[in-house]
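User: Please take a close look at the charged side chains in this model. I would like to know where they pair and where they gather on the surface.

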Amino acid sequence: MALDVLAVAPLYQGPDINRMRLTAELSKKPASPLKPLVPSKSKLTTIETKRVMSVLDETIHKVELVTLLSHLASKDEALEGILGGDVRRAVREHEDLCRSLLDSVAYLQDKERQLQEEEESEDEGWLRDRLLSVQLQKSNLLPLMEHIRESTKDVLRLLLDNPQAAKLSETHALGRSAEAQRFIDCLMELRGFLFEKLLTSPMEAREKTQFVQDVSSRNRRNQDIIDALENELAASMKNRGAEVEKENFVIQELKNHLHQVLRLSENNLLRTKQEAEKQQKADFRASQARVAKLQQEILLLRSHHHNLVVENREAEQALRKKKYKVETEIENWIQKYDMEMGEKQDEYEELDIIHKEEKVQLEELRQRYKVLVEEFAQIRAEREVNAKKKTETEQEMLRMVRAATLIQAVWKGYLVRSLLRSRKKRSKSKGRGKKGKGKGKGRK
(Lines give C-alpha, C1' and ligand atoms only; values in the text may rest on other atoms or scores of the structure.)
Protein backbone atom coordinates (compact mmCIF):
# COMPACT_ATOMS: atom_id res chain seq x y z
CA MET A 1 0.00 0.00 0.00
CA ALA A 2 2.87 2.39 0.77
CA LEU A 3 4.37 1.81 -2.68
CA ASP A 4 1.03 2.66 -4.31
CA VAL A 5 0.96 5.92 -2.40
CA LEU A 6 4.56 6.80 -3.15
CA ALA A 7 4.02 6.23 -6.88
CA VAL A 8 1.99 9.49 -7.05
CA ALA A 9 4.19 12.32 -8.36
CA PRO A 10 2.36 15.53 -7.31
CA LEU A 11 2.45 14.67 -3.60
CA TYR A 12 5.95 16.00 -3.00
CA GLN A 13 7.84 18.81 -4.69
CA GLY A 14 11.22 17.49 -5.80
CA PRO A 15 14.16 18.78 -3.74
CA ASP A 16 17.11 20.59 -5.23
CA ILE A 17 19.19 18.06 -7.17
CA ASN A 18 22.43 19.74 -6.08
CA ARG A 19 21.57 19.11 -2.42
CA MET A 20 20.90 15.38 -2.78
CA ARG A 21 23.26 12.75 -1.38
CA LEU A 22 24.92 11.93 -4.71
CA THR A 23 28.46 11.24 -3.49
CA ALA A 24 29.76 7.70 -3.14
CA GLU A 25 30.44 6.51 0.38
CA LEU A 26 33.95 5.19 -0.37
CA SER A 27 36.20 4.18 2.52
CA LYS A 28 39.63 5.81 2.75
CA LYS A 29 41.64 2.57 2.81
CA PRO A 30 44.75 1.55 0.90
CA ALA A 31 44.31 -0.05 -2.51
CA SER A 32 43.11 -3.66 -2.39
CA PRO A 33 43.05 -6.48 -4.98
CA LEU A 34 39.33 -5.68 -5.50
CA LYS A 35 40.09 -2.16 -6.77
CA PRO A 36 38.71 -2.90 -10.29
CA LEU A 37 35.30 -3.53 -8.68
CA VAL A 38 35.23 -0.03 -7.11
CA PRO A 39 33.89 2.79 -9.37
CA SER A 40 36.43 5.41 -10.38
CA LYS A 41 33.91 8.25 -9.99
CA SER A 42 32.55 9.51 -6.68
CA LYS A 43 29.82 11.84 -8.00
CA LEU A 44 27.09 11.67 -10.59
CA THR A 45 27.70 13.84 -13.64
CA THR A 46 24.64 13.48 -15.88
CA ILE A 47 21.22 15.02 -15.22
CA GLU A 48 19.39 11.73 -15.92
CA THR A 49 21.31 9.83 -13.22
CA LYS A 50 20.77 12.69 -10.78
CA ARG A 51 17.04 12.61 -11.50
CA VAL A 52 16.92 8.84 -10.96
CA MET A 53 18.67 9.17 -7.59
CA SER A 54 16.46 12.12 -6.59
CA VAL A 55 13.32 10.06 -7.34
CA LEU A 56 14.66 7.17 -5.22
CA ASP A 57 15.61 9.51 -2.32
CA GLU A 58 12.16 11.10 -2.51
CA THR A 59 10.58 7.64 -2.32
CA ILE A 60 12.70 6.70 0.72
CA HIS A 61 11.75 9.97 2.44
CA LYS A 62 8.04 9.28 1.83
CA VAL A 63 8.38 5.70 3.11
CA GLU A 64 10.04 7.01 6.30
CA LEU A 65 7.11 9.40 6.86
CA VAL A 66 4.46 6.76 6.08
CA THR A 67 5.98 4.22 8.49
CA LEU A 68 5.79 6.79 11.34
CA LEU A 69 2.05 7.50 10.98
CA SER A 70 0.95 4.80 13.45
CA HIS A 71 3.48 6.02 16.04
CA LEU A 72 2.32 9.64 15.58
CA ALA A 73 -1.31 8.54 16.04
CA SER A 74 -0.43 6.78 19.33
CA LYS A 75 1.39 9.94 20.57
CA ASP A 76 -1.40 12.33 19.55
CA GLU A 77 -1.72 14.06 22.94
CA ALA A 78 2.05 14.55 23.29
CA LEU A 79 2.29 16.10 19.79
CA GLU A 80 -0.75 18.35 20.24
CA GLY A 81 1.24 21.61 20.28
CA ILE A 82 3.92 20.49 17.81
CA LEU A 83 1.99 19.29 14.75
CA GLY A 84 -0.67 21.38 13.09
CA GLY A 85 -4.38 20.79 13.62
CA ASP A 86 -4.90 19.62 10.03
CA VAL A 87 -2.03 17.13 10.26
CA ARG A 88 -3.23 15.71 13.58
CA ARG A 89 -6.79 15.39 12.27
CA ALA A 90 -5.64 13.69 9.08
CA VAL A 91 -3.39 11.29 11.06
CA ARG A 92 -6.28 10.37 13.38
CA GLU A 93 -8.63 9.72 10.46
CA HIS A 94 -5.96 7.61 8.74
CA GLU A 95 -5.39 5.57 11.92
CA ASP A 96 -9.15 4.99 12.33
CA LEU A 97 -9.40 3.75 8.73
CA CYS A 98 -6.42 1.42 9.20
CA ARG A 99 -7.90 0.00 12.40
CA SER A 100 -11.26 -0.61 10.74
CA LEU A 101 -9.47 -2.39 7.86
CA LEU A 102 -7.46 -4.56 10.29
CA ASP A 103 -10.61 -5.43 12.26
CA SER A 104 -12.42 -6.40 9.04
CA VAL A 105 -9.48 -8.54 7.91
CA ALA A 106 -9.26 -10.26 11.32
CA TYR A 107 -13.03 -10.92 11.25
CA LEU A 108 -12.78 -12.45 7.75
CA GLN A 109 -9.81 -14.61 8.81
CA ASP A 110 -11.79 -15.92 11.79
CA LYS A 111 -14.71 -16.70 9.49
CA GLU A 112 -12.48 -18.56 7.05
CA ARG A 113 -10.92 -20.53 9.91
CA GLN A 114 -14.39 -21.50 11.16
CA LEU A 115 -15.41 -22.55 7.66
CA GLN A 116 -12.29 -24.72 7.34
CA GLU A 117 -13.08 -26.37 10.67
CA GLU A 118 -16.73 -26.98 9.73
CA GLU A 119 -15.99 -28.03 6.13
CA GLU A 120 -16.17 -31.79 6.86
CA SER A 121 -19.29 -31.81 9.05
CA GLU A 122 -21.62 -29.29 7.37
CA ASP A 123 -23.64 -29.34 4.15
CA GLU A 124 -21.84 -28.38 0.93
CA GLY A 125 -24.55 -25.92 -0.17
CA TRP A 126 -24.46 -24.11 3.14
CA LEU A 127 -20.64 -23.93 2.97
CA ARG A 128 -20.83 -22.58 -0.59
CA ASP A 129 -23.20 -19.82 0.56
CA ARG A 130 -20.90 -18.93 3.43
CA LEU A 131 -17.87 -18.82 1.13
CA LEU A 132 -19.74 -16.55 -1.28
CA SER A 133 -20.62 -14.22 1.61
CA VAL A 134 -16.96 -14.14 2.69
CA GLN A 135 -15.86 -13.37 -0.89
CA LEU A 136 -18.46 -10.59 -1.06
CA GLN A 137 -17.16 -9.10 2.17
CA LYS A 138 -13.62 -9.29 0.79
CA SER A 139 -14.71 -7.37 -2.30
CA ASN A 140 -16.28 -4.76 0.00
CA LEU A 141 -12.81 -4.13 1.47
CA LEU A 142 -11.55 -2.64 -1.82
CA PRO A 143 -13.33 0.75 -1.35
CA LEU A 144 -11.96 0.91 2.20
CA MET A 145 -8.42 0.21 0.92
CA GLU A 146 -8.86 2.90 -1.74
CA HIS A 147 -10.02 5.30 0.98
CA ILE A 148 -6.94 4.45 3.07
CA ARG A 149 -4.75 5.03 0.00
CA GLU A 150 -6.31 8.48 -0.51
CA SER A 151 -5.96 9.25 3.22
CA THR A 152 -2.25 8.36 3.06
CA LYS A 153 -1.83 10.71 0.11
CA ASP A 154 -3.55 13.53 2.03
CA VAL A 155 -1.39 13.01 5.15
CA LEU A 156 1.80 12.94 3.05
CA ARG A 157 0.74 16.08 1.22
CA LEU A 158 0.13 17.91 4.54
CA LEU A 159 3.46 16.73 6.03
CA LEU A 160 5.44 17.68 2.93
CA ASP A 161 3.75 21.09 2.76
CA ASN A 162 4.84 21.62 6.40
CA PRO A 163 8.62 20.87 6.52
CA GLN A 164 8.80 21.61 10.26
CA ALA A 165 6.19 18.93 11.03
CA ALA A 166 8.01 16.48 8.74
CA LYS A 167 11.30 17.08 10.59
CA LEU A 168 9.61 16.66 13.99
CA SER A 169 8.06 13.40 12.75
CA GLU A 170 11.49 12.10 11.69
CA THR A 171 12.78 12.68 15.25
CA HIS A 172 10.45 9.83 16.37
CA ALA A 173 12.25 7.26 14.22
CA LEU A 174 12.72 4.99 17.27
CA GLY A 175 8.95 4.39 17.31
CA ARG A 176 9.07 2.75 13.87
CA SER A 177 8.35 -0.99 13.77
CA ALA A 178 11.12 -3.52 13.07
CA GLU A 179 9.52 -4.64 9.78
CA ALA A 180 9.30 -1.04 8.53
CA GLN A 181 12.92 -0.41 9.53
CA ARG A 182 14.03 -3.52 7.64
CA PHE A 183 12.10 -2.31 4.59
CA ILE A 184 13.83 1.10 4.77
CA ASP A 185 17.22 -0.59 5.19
CA CYS A 186 16.52 -2.65 2.07
CA LEU A 187 15.62 0.54 0.20
CA MET A 188 18.87 2.15 1.37
CA GLU A 189 20.77 -0.94 0.22
CA LEU A 190 18.99 -0.70 -3.14
CA ARG A 191 19.97 2.98 -3.30
CA GLY A 192 23.65 2.08 -2.77
CA PHE A 193 23.51 -0.64 -5.41
CA LEU A 194 21.76 1.70 -7.91
CA PHE A 195 24.21 4.51 -7.10
CA GLU A 196 27.16 2.22 -7.77
CA LYS A 197 25.55 1.08 -11.05
CA LEU A 198 25.02 4.69 -12.14
CA LEU A 199 28.62 5.57 -11.29
CA THR A 200 29.95 2.67 -13.37
CA SER A 201 30.71 3.48 -17.00
CA PRO A 202 30.52 0.88 -19.83
CA MET A 203 34.34 0.68 -19.90
CA GLU A 204 34.45 -0.04 -16.16
CA ALA A 205 31.73 -2.63 -16.58
CA ARG A 206 33.84 -4.44 -19.21
CA GLU A 207 36.85 -4.21 -16.89
CA LYS A 208 34.79 -5.76 -14.10
CA THR A 209 33.73 -8.67 -16.29
CA GLN A 210 37.36 -9.17 -17.36
CA PHE A 211 38.42 -9.11 -13.70
CA VAL A 212 35.77 -11.72 -12.81
CA GLN A 213 36.95 -13.94 -15.67
CA ASP A 214 40.58 -13.66 -14.44
CA VAL A 215 39.51 -14.60 -10.95
CA SER A 216 37.62 -17.66 -12.26
CA SER A 217 40.69 -18.79 -14.25
CA ARG A 218 42.83 -18.43 -11.14
CA ASN A 219 40.27 -20.48 -9.26
CA ARG A 220 40.51 -23.25 -11.87
CA ARG A 221 44.34 -23.28 -11.61
CA ASN A 222 44.12 -23.47 -7.82
CA GLN A 223 41.69 -26.37 -8.18
CA ASP A 224 44.24 -28.24 -10.34
CA ILE A 225 46.89 -27.70 -7.65
CA ILE A 226 44.48 -29.01 -5.01
CA ASP A 227 43.85 -32.17 -7.08
CA ALA A 228 47.63 -32.81 -7.34
CA LEU A 229 48.02 -32.41 -3.58
CA GLU A 230 45.15 -34.84 -2.99
CA ASN A 231 46.93 -37.43 -5.18
CA GLU A 232 50.09 -37.00 -3.10
CA LEU A 233 48.02 -37.48 0.03
CA ALA A 234 46.64 -40.79 -1.33
CA ALA A 235 50.18 -42.01 -1.99
CA SER A 236 51.26 -41.12 1.55
CA MET A 237 48.22 -43.01 2.89
CA LYS A 238 49.44 -46.16 1.08
CA ASN A 239 52.87 -45.83 2.75
CA ARG A 240 51.12 -45.64 6.03
CA GLY A 241 50.00 -49.32 5.67
CA ALA A 242 53.47 -50.59 6.65
CA GLU A 243 53.40 -48.52 9.80
CA VAL A 244 49.99 -49.94 10.64
CA GLU A 245 51.39 -53.52 10.42
CA LYS A 246 54.13 -52.62 12.88
CA GLU A 247 51.57 -51.23 15.28
CA ASN A 248 49.51 -54.45 14.94
CA PHE A 249 52.56 -56.50 16.03
CA VAL A 250 52.91 -54.33 19.13
CA ILE A 251 49.20 -54.78 19.87
CA GLN A 252 49.58 -58.61 19.71
CA GLU A 253 52.36 -58.52 22.29
CA LEU A 254 50.21 -56.40 24.57
CA LYS A 255 47.37 -58.94 24.23
CA ASN A 256 49.70 -61.77 25.37
CA HIS A 257 50.74 -59.75 28.38
CA LEU A 258 47.08 -59.14 29.17
CA HIS A 259 46.38 -62.93 29.05
CA GLN A 260 49.04 -63.53 31.68
CA VAL A 261 47.50 -60.84 33.87
CA LEU A 262 44.09 -62.59 33.61
CA ARG A 263 45.58 -65.86 34.85
CA LEU A 264 47.04 -64.14 37.91
CA SER A 265 43.67 -62.48 38.60
CA GLU A 266 41.89 -65.88 38.52
CA ASN A 267 44.23 -67.23 41.26
CA ASN A 268 43.50 -64.18 43.39
CA LEU A 269 39.77 -64.74 42.83
CA LEU A 270 39.95 -68.35 44.13
CA ARG A 271 41.80 -67.23 47.22
CA THR A 272 39.21 -64.54 48.01
CA LYS A 273 36.40 -67.06 47.47
CA GLN A 274 37.79 -69.46 50.08
CA GLU A 275 38.11 -66.66 52.60
CA ALA A 276 34.49 -65.63 51.91
CA GLU A 277 33.24 -69.20 52.59
CA LYS A 278 34.99 -69.23 55.97
CA GLN A 279 33.39 -65.93 56.87
CA GLN A 280 29.99 -67.26 55.79
CA LYS A 281 30.25 -70.25 58.20
CA ALA A 282 31.11 -67.99 61.11
CA ASP A 283 28.13 -65.75 60.30
CA PHE A 284 25.83 -68.82 60.14
CA ARG A 285 26.77 -69.87 63.69
CA ALA A 286 26.11 -66.37 64.99
CA SER A 287 22.73 -66.27 63.24
CA GLN A 288 21.62 -69.55 64.88
CA ALA A 289 22.26 -68.05 68.33
CA ARG A 290 20.19 -65.01 67.36
CA VAL A 291 17.31 -67.22 66.12
CA ALA A 292 17.10 -69.04 69.48
CA LYS A 293 16.93 -65.71 71.29
CA LEU A 294 14.20 -64.44 68.94
CA GLN A 295 12.09 -67.61 69.48
CA GLN A 296 12.08 -66.99 73.25
CA GLU A 297 10.90 -63.43 72.62
CA ILE A 298 8.13 -64.75 70.33
CA LEU A 299 6.80 -67.05 73.12
CA LEU A 300 6.62 -64.13 75.53
CA LEU A 301 4.78 -61.99 72.96
CA ARG A 302 2.24 -64.77 72.25
CA SER A 303 1.32 -65.03 75.93
CA HIS A 304 0.92 -61.27 76.07
CA HIS A 305 -1.28 -61.42 72.95
CA HIS A 306 -3.56 -64.04 74.54
CA ASN A 307 -4.10 -61.83 77.56
CA LEU A 308 -5.02 -58.91 75.32
CA VAL A 309 -7.53 -61.02 73.37
CA VAL A 310 -9.31 -62.02 76.58
CA GLU A 311 -9.48 -58.42 77.75
CA ASN A 312 -10.87 -57.11 74.43
CA ARG A 313 -13.56 -59.81 74.04
CA GLU A 314 -15.89 -58.07 76.53
CA ALA A 315 -15.50 -54.77 74.72
CA GLU A 316 -16.32 -56.55 71.46
CA GLN A 317 -19.59 -57.92 72.92
CA ALA A 318 -20.68 -54.43 73.98
CA LEU A 319 -19.88 -53.06 70.54
CA ARG A 320 -21.86 -55.84 68.85
CA LYS A 321 -24.94 -55.01 70.95
CA LYS A 322 -24.59 -51.37 70.00
CA LYS A 323 -24.21 -52.33 66.35
CA TYR A 324 -27.40 -54.45 66.46
CA LYS A 325 -29.34 -51.51 67.96
CA VAL A 326 -28.07 -49.14 65.26
CA GLU A 327 -28.97 -51.63 62.50
CA THR A 328 -32.55 -51.93 63.76
CA GLU A 329 -32.89 -48.14 63.81
CA ILE A 330 -31.53 -47.99 60.25
CA GLU A 331 -34.07 -50.58 59.06
CA ASN A 332 -36.90 -48.54 60.61
CA TRP A 333 -35.64 -45.41 58.83
CA ILE A 334 -35.42 -47.34 55.54
CA GLN A 335 -39.03 -48.54 55.88
CA LYS A 336 -40.16 -44.98 56.62
CA TYR A 337 -38.20 -43.71 53.61
CA ASP A 338 -39.79 -46.37 51.36
CA MET A 339 -43.30 -45.32 52.47
CA GLU A 340 -42.61 -41.63 51.85
CA MET A 341 -41.02 -42.37 48.47
CA GLY A 342 -44.08 -44.43 47.48
CA GLU A 343 -46.31 -41.44 48.27
CA LYS A 344 -43.99 -39.17 46.30
CA GLN A 345 -44.01 -41.59 43.36
CA ASP A 346 -47.83 -41.56 43.29
CA GLU A 347 -47.82 -37.77 43.40
CA TYR A 348 -45.24 -37.68 40.60
CA GLU A 349 -47.35 -39.97 38.40
CA GLU A 350 -50.39 -37.72 38.90
CA LEU A 351 -48.35 -34.66 37.98
CA ASP A 352 -46.95 -36.50 34.94
CA ILE A 353 -50.53 -37.24 33.74
CA ILE A 354 -51.43 -33.56 34.19
CA HIS A 355 -48.28 -32.54 32.33
CA LYS A 356 -49.13 -34.81 29.38
CA GLU A 357 -52.66 -33.35 29.21
CA GLU A 358 -51.25 -29.80 29.26
CA LYS A 359 -48.73 -30.78 26.58
CA VAL A 360 -51.58 -31.98 24.34
CA GLN A 361 -53.40 -28.68 24.98
CA LEU A 362 -50.21 -26.79 24.14
CA GLU A 363 -49.89 -28.66 20.83
CA GLU A 364 -53.50 -27.76 19.98
CA LEU A 365 -52.83 -24.10 20.82
CA ARG A 366 -49.73 -24.13 18.62
CA GLN A 367 -51.73 -25.48 15.68
CA ARG A 368 -54.34 -22.76 16.25
CA TYR A 369 -51.54 -20.19 16.44
CA LYS A 370 -50.12 -21.38 13.09
CA VAL A 371 -53.57 -21.05 11.51
CA LEU A 372 -53.95 -17.54 12.96
CA VAL A 373 -50.50 -16.59 11.72
CA GLU A 374 -51.35 -17.72 8.20
CA GLU A 375 -54.66 -15.80 8.31
CA PHE A 376 -52.83 -12.73 9.63
CA ALA A 377 -50.30 -13.00 6.78
CA GLN A 378 -53.15 -13.19 4.24
CA ILE A 379 -54.89 -10.19 5.83
CA ARG A 380 -51.63 -8.27 5.89
CA ALA A 381 -51.02 -9.08 2.20
CA GLU A 382 -54.57 -7.94 1.34
CA ARG A 383 -54.00 -4.74 3.31
CA GLU A 384 -50.76 -4.10 1.44
CA VAL A 385 -52.52 -4.69 -1.92
CA ASN A 386 -55.34 -2.35 -0.88
CA ALA A 387 -52.81 0.26 0.30
CA LYS A 388 -51.00 0.05 -3.05
CA LYS A 389 -54.27 0.39 -4.92
CA LYS A 390 -55.23 3.35 -2.74
CA THR A 391 -51.87 5.08 -3.32
CA GLU A 392 -52.22 4.43 -7.07
CA THR A 393 -55.76 5.90 -7.13
CA GLU A 394 -54.58 8.90 -5.10
CA GLN A 395 -51.68 9.45 -7.49
CA GLU A 396 -54.06 9.09 -10.47
CA MET A 397 -56.43 11.60 -8.84
CA LEU A 398 -53.52 14.03 -8.27
CA ARG A 399 -52.53 13.61 -11.91
CA MET A 400 -56.09 14.29 -13.05
CA VAL A 401 -56.41 17.33 -10.75
CA ARG A 402 -53.09 18.73 -12.05
CA ALA A 403 -54.22 18.08 -15.64
CA ALA A 404 -57.59 19.77 -14.96
CA THR A 405 -55.91 22.81 -13.37
CA LEU A 406 -53.49 22.97 -16.29
CA ILE A 407 -56.35 22.77 -18.84
CA GLN A 408 -58.31 25.42 -16.91
CA ALA A 409 -55.28 27.70 -16.78
CA VAL A 410 -54.68 27.28 -20.52
CA TRP A 411 -58.34 27.93 -21.26
CA LYS A 412 -58.43 31.02 -19.05
CA GLY A 413 -55.29 32.30 -20.77
CA TYR A 414 -56.85 31.69 -24.14
CA LEU A 415 -60.04 33.53 -23.11
CA VAL A 416 -58.07 36.49 -21.76
CA ARG A 417 -55.98 36.70 -24.93
CA SER A 418 -59.11 36.49 -27.14
CA LEU A 419 -60.78 39.28 -25.14
CA LEU A 420 -57.71 41.45 -25.41
CA ARG A 421 -57.54 40.89 -29.17
CA SER A 422 -61.24 41.78 -29.62
CA ARG A 423 -60.78 44.97 -27.57
CA LYS A 424 -57.76 45.97 -29.62
CA LYS A 425 -59.70 45.43 -32.84
CA ARG A 426 -62.62 47.58 -31.54
CA SER A 427 -60.34 50.39 -30.47
CA LYS A 428 -58.64 50.41 -33.91
CA SER A 429 -61.97 50.48 -35.74
CA LYS A 430 -63.22 53.46 -33.62
CA GLY A 431 -60.02 55.38 -34.31
CA ARG A 432 -60.40 54.90 -38.06
CA GLY A 433 -64.05 56.09 -37.93
CA LYS A 434 -63.13 59.36 -36.16
CA LYS A 435 -60.41 60.11 -38.69
CA GLY A 436 -62.85 59.59 -41.62
CA LYS A 437 -65.38 62.07 -40.17
CA GLY A 438 -62.79 64.78 -39.69
CA LYS A 439 -61.67 64.56 -43.35
CA GLY A 440 -65.28 64.87 -44.61
CA LYS A 441 -65.87 68.12 -42.66
CA GLY A 442 -62.74 69.66 -44.04
CA ARG A 443 -63.81 69.01 -47.58
CA LYS A 444 -67.16 70.70 -47.06
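Analyst: A salt bridge here is a side-chain nitrogen of Lys or Arg within 4 Å of a carboxyl oxygen of Asp or Glu. The model is predicted, and by this rule the count comes to four salt bridges. One of them joins the side chains of Asp-57 and Arg-191, with N and O 2.6 Å apart. Asp-57 belongs to helix H2 (residues 47-66) and Arg-191 to helix H7 (residues 178-199), so this pair ties together parts that are 134 residues apart in sequence.

Are the two partners of that pair buried or exposed? Asp-57 has a relative accessible area of 6% and is buried. Arg-191 is buried as well, with a relative accessible area of 8%. Both values fall in the buried class because the cut-off is under 20% relative accessible area. As for the chain, buried residues make up 16% of its 444 residues.

The background is plain: side chains of opposite charge can pair when their charged atoms come close. The secondary structure of the chain comes to eight helices and zero strands, and the pattern along the sequence reads α-α-α-α-α-α-α-α. Helix H8 spans residues 202-443, and further pairs are found there.

In one of these, Arg-320 forms a salt bridge with Glu-316, the closest N and O atoms being 2.9 Å apart. Arg-320 and Glu-316 are four residues apart in helix H8, which means that about one helical turn separates them. Glu-316 is partly exposed, at a relative accessible area of 37%. Another salt bridge is formed by the side chains of Lys-356 and Asp-352, at 3.8 Å from N to O. Lys-356 and Asp-352 also lie in helix H8, four residues apart, or about one turn of the helix. Asp-352 has a relative accessible area of 27% and is partly exposed.

Next come the charges that gather on the surface. A patch is made of residues with no salt bridge and over 30% relative accessible area. Glu-340, Glu-343, Asp-346, Glu-347, Glu-349 and Glu-350 form a negative surface patch. Of these residues, Glu-347 is placed in helix H8. Glu-347 is partly exposed, with a relative accessible area of 43%, so its exposure satisfies the patch cut-off of over 30%.

An unreviewed UniProt entry places the feature "coiled-coil region" at residues 212-282 and 348-382. In the predicted model, residues 348-382 are 100% helix and 0% strand. The C-alpha atoms at the two ends of that stretch are 50 Å apart.

Which residues make up the positive surface patch? They are Arg-417, Arg-421, Lys-424, Lys-425 and Lys-428. Lys-424 is found in helix H8. At 56% relative accessibility, Lys-424 counts as exposed, because the cut-off for that class is over 50%.

One further acidic residue is worth a look. Asp-86 is in helix H4 (residues 85-117). With a relative accessible area of 47%, Asp-86 is partly exposed. The C-alpha atoms of Asp-86 and Val-155 are separated by 8.9 Å, while the two residues are 69 residues apart along the chain.

To put the parts side by side: Asp-57 and Arg-191 pair between helices H2 and H7, whereas Lys-356 and Asp-352 pair within helix H8. As for the surface, the negative patch includes Glu-347 and the positive patch includes Lys-424.

Note on methods. Residues are numbered from 1 along each chain as its sequence is written. This is a predicted model: local features need pLDDT of at least 70, side-chain atom pairs count only at pLDDT 80 or more; totals for chains, interfaces and linings use all residues. Side-chain values use heavy atoms; hydrogens and water are left out. Patches are made of residues with over 30% relative accessible area and no salt bridge: like charges are joined within 9 Å, nonpolar side chains (Val, Leu, Ile, Met, Phe, Trp, Tyr) within 5 Å. Accessible areas come from the Shrake-Rupley method with a 1.4 Å probe; for residues, only the protein chains shown count as cover. Lys and Arg count as positive and Asp and Glu as negative; His and the chain ends are not counted. The place of a charge is taken as NZ of Lys, CZ of Arg, CG of Asp or CD of Glu. Buried means under 20% relative accessible area, exposed over 50%, partly exposed in between (1.4 Å probe, protein chains only). UniProt positions are given in the numbering used here, feature names are shortened, and annotations may be inferred rather than shown by experiment.
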